[in-house]
Amino acid sequence: MKTVVLVKQVPDSGAERRLRDADHTIERESADNLINEMDDYAIEEALRLQEAHGGEVTILTMGPTQAAESIRKALSMGPDQAVHVLDDALAGSCAVATSAVLAAALRTLSPDLVLSGAESTDGRVQAMPHMVAERLGIAALTGARKLTVGGDGTLTVERQTDEGYEVVTAATPAVVSVWDTINEPRYPSFKGIMAAKKKPVSVLSLADLGIDPGEVGTAGATSAVVSHQERPARSAGQKIIDQGDGGVKLVEFLASEKFV
Amino acid sequence: MTDLRYGELEQELRGTVREMLSAQSPPEQVLARCEGGDPYDPKLWRTLAAEMGLAGLAVPERYGGGGAGWREAAVVLEELGRAVAPVPYLGSAVVATAVLRAVDDRALLTDLAAGAATAALAAPFATAPGPPTDPTVRAAGDNLTGTVRGVADALHADVLLVPTGDGLFAVPADTPGVGRHPLVTLDLTRPLCDLSLAAAPGWRLAAGPESARAVAAGLTAGAALLASEQLGVAEWCLDTTVEYVRTRYQFARPVGSFQALKHRLADLWVEIAQARAVARHAAGCLATGDPDTPVATALAQAFCAPVAVHAAEECVQLHGGIGFTWEHPAHLYLKRAKSGAIGFGTADRHRATLATLVDLPG
C-alpha cells in the first residue's frame, strides 16, 4: 500500500503566537516551529500499516524553507521519502488554495491512502482532509480513532463523534484523518535520525505542479483577514467583601451574567 | 584536539531525548516514583533503550548497536541528568558496555544493544579508575562467593559482571546464590545495593590482565561520562533557577534583578560553561581512544562534581522557601549531585590522580 501523510509545520502551540501587522499572517520566523501534533499520529498510523501490510510511506508538506526541518524530523520516525511543495507565491494561501496545491501534488504520487491529522493546531479548521478528498474525487473518512485495512484493501474507520463513534468504510484510494486517540506516536530512534539525512526529499514548485501563481497565496485567497487585535489582557476581578451579604452579592453577580 | 562543539546529529539526538523525557518522565513523576519506594521506571527504560535504540549507542554495529560512540552517549547522559531520570543508563549502557567491549562479548553486547537486558559491573559505585583493588569475590571453578557493597544500577540488572581474583565473570542476577540488598541512600534516583554471592554459578569472560583491563575500561568510561550527567544536573538547576528569579516578585520587581542574586547566577553560568568544556573533552577523548583519556577523565571528575553540587545548592537557596519543600524537585537534583560527587571517586582523589598524571611536583 502506498501511503502519503500530509504534514504541516506549525508554530509551537505551547508558546505565545503572534500575527504580523503587515499582512495578518502568523509570525513564523520567531516562533518555535514544530510538526503539527495531530500529524505525528498520522505518521505513526502510516508506519504501523506499513509494518503490517508493506508498501511505502511518503511525507507531503507545503510550506516555507524552514519546513524542511520538520520534514527531516518526520522522516526520522521512519517514512521512506518526502515531497516538499515550496514556492514563494504560496505565502498566505487560504485553505481552498492549499487544498488545490496538495491535491495536485497527490496526483503526481497516486497514493492508495492519504493520512493526515484531523486538525492543525494553528488553523484548527478541520477542513483540509475533506477538501483534498473532494478535489481528488475520493472518499474522506475523517476524525478516526481506529483504522483497519481489510484483505481486499477496504478501509474501516471508527469515526470519533461527540456521542460515541461511527463505523464507516470505504475502498481505496481514500483520505483518512486521525485524532490523537488512534495510537501512541513513536520517538525517533538514533538510527532513524541518521537514516533521515539520507532519505530523498523532492522539492516541487508551482510550475512543477502546473498551478498558476495567481490562484494561490495572498493574491488568490478566497478569504482575507482585514484586521486583528491581541486578546485584551485579563482585567482585575471584582472583589466582594463579605459583610453578611456576600452570598447574595455572589448570586447577584452570577445572575447579572445569566449563569443563574 | 577534541572538537568540543555539538554536531547537528548530536543536537537532534538531544532534542529527541529531551522531548521524550519531558513527556514521559517529568520531575514530579520522578518524585512520585521515589515516594512509591522503587524509582526504577521500566517503561521509560524500554522507550529509551529499545525503541529509541540508545542503550546501544556505544555498541559496534556488527552487534546490533548504534555504531555511534561515547560522545553521543554523553549527550544522552546530559539529558538524563537534566531529568534525574531513574534509569540504569550509566551503569549498563556505559560502564557494563565498556567492560564488555573490552572483552568483545558478542552475546551480551547484542542483548544490551537491543535493550533486551541490562548489566552492571559488580564494583562499589565509589570505585575510582586506577590501580585495581583486591577483589572481594573469589571464584571456585565457576562458582563465585563474596560480597560487593554499594553497587549502582544493579537492583534491576539482568546480568552482573563480577571481578574476582581469578578473572572477570558474568553471573545472571536471578541465579540462586545471588542476593541483592537495597540500601537506604541519600540519592533517591540512583538506588544502590549490596551484592552477596554464595557459590553463585557464572561463566568467565576474561582472565588475568585482560580482566583487569576490562574493569579499568568500564570504570574510566563511567567516570568520564558521569561528568556529562553532572553537567546536565547543573544545567537544569541553573535554568530552573533563572526562570524562577525572573518570575518571583518581591518589592515590586523580579528578585532576579537584585545584584546579589544576579551575580551568583552569573558565576554559576561561568562554572557550567567550563564544566561543559571539560565534560565534552573527556567524552571526546574516550570516544577516540585518545592517550590523554586518563588526564581528561580525572580533570572532568575533579571539576564537574563540585559544579553540580554548587549548582544544586544555589538552586535550593535561590528558590527561597519553595526550594526547601519536598514537593519541589530541587532536592532530587541536590541528592543526585551529592551521590555523583562520590561516584567513581571523589574530586579530591581525581585531583591527586591528575597531579601525578601531569607531573606536578609533590
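This note covers the cavities and one helix of the structure above.

1. **Status.** The model is predicted. Please read every point below in that light.

2. **Cavities overall.** How many cavities of 30 Å³ or more does the structure hold? There are two. The largest has a volume of about 210 Å³. The second largest has a volume of about 140 Å³.

3. **Largest cavity, centre.** The lining is made of 21 residues. Those closest to the centre are Pro86(B), Val87(B), Pro88(B), Asp153(B) and Pro191(B).

4. **Largest cavity, helices.** Two helices of chain B deserve a look here. Helix H4, residues 70-82, supplies at least two lining residues. Helix H5, residues 89-103, likewise supplies at least two.

5. **Largest cavity, chemistry.** The lining has 14 nonpolar residues. Three more are polar, and four are charged.

6. **Largest cavity, location.** Where does the largest cavity lie with respect to domain 1 and domain 2 of chain B? It lies between them, because both domain 1 (8-117) and domain 2 (137-208) give residues to its lining.

7. **Second largest cavity, centre.** For this cavity, the lining counts 15 residues. Closest to the centre are Val95(B), Leu121(B), Phe125(B), Ala152(B) and Phe344(B).

8. **Second largest cavity, elements.** H5, strand S1 (119-121) and strand S3 (143-152), in chain B, each supply at least two residues of the lining. Which element gives the largest share of this lining? H5(B) does, with three residues. H5 of chain B also supplies at least two lining residues to the largest cavity.

9. **Second largest cavity, chemistry and location.** Eleven of the lining residues are nonpolar, two are polar and two are charged. Domain 1 (8-117) and domain 2 (137-208) of chain B both contribute to the lining, so the second largest cavity lies between these domains.

10. **Helix H2, buried face.** H2 of chain B spans residues 27-35. Which of its residues are buried? They are Val30(B), Leu31(B) and Cys34(B). Viewed down the axis of H2(B), these buried residues fall within an arc of 100°, so they line one face of the helix.

11. **Helix H2, cover and exit.** Helix H10 (330-342) of chain B is included in what covers the buried residues of H2(B). Gly37(B) follows H2(B). The phi of Gly37(B) is positive, near 105°.

Notes. Residues numbered from 1 in each chain as written. Chains lettered and ligands numbered in written order. Predicted model: local features only at pLDDT ≥ 70, side-chain atom pairs only at ≥ 80, totals over all residues. Heavy atoms only, no water. 1 Å grid on protein atoms, 1.4 Å probe; cavity = no way out; pocket = protein on both sides within 12 Å on 5 of 7 lines; lining within 4 Å. Points joined across faces, edges and corners; volume = space filled by probe spheres on them. Helix = DSSP H or I, 4+ residues; strand = E, 2+ residues; numbered from the N terminus. Nonpolar A, V, L, I, M, F, W, Y, C, P; charged D, E, K, R; others polar. Domains from an automatic or database assignment. Buried < 20%, exposed > 50% of the residue type's maximum accessible area, 1.4 Å probe, protein only. Arc of directions from axis to C-beta. Contact = heavy atoms within 4.5 Å.
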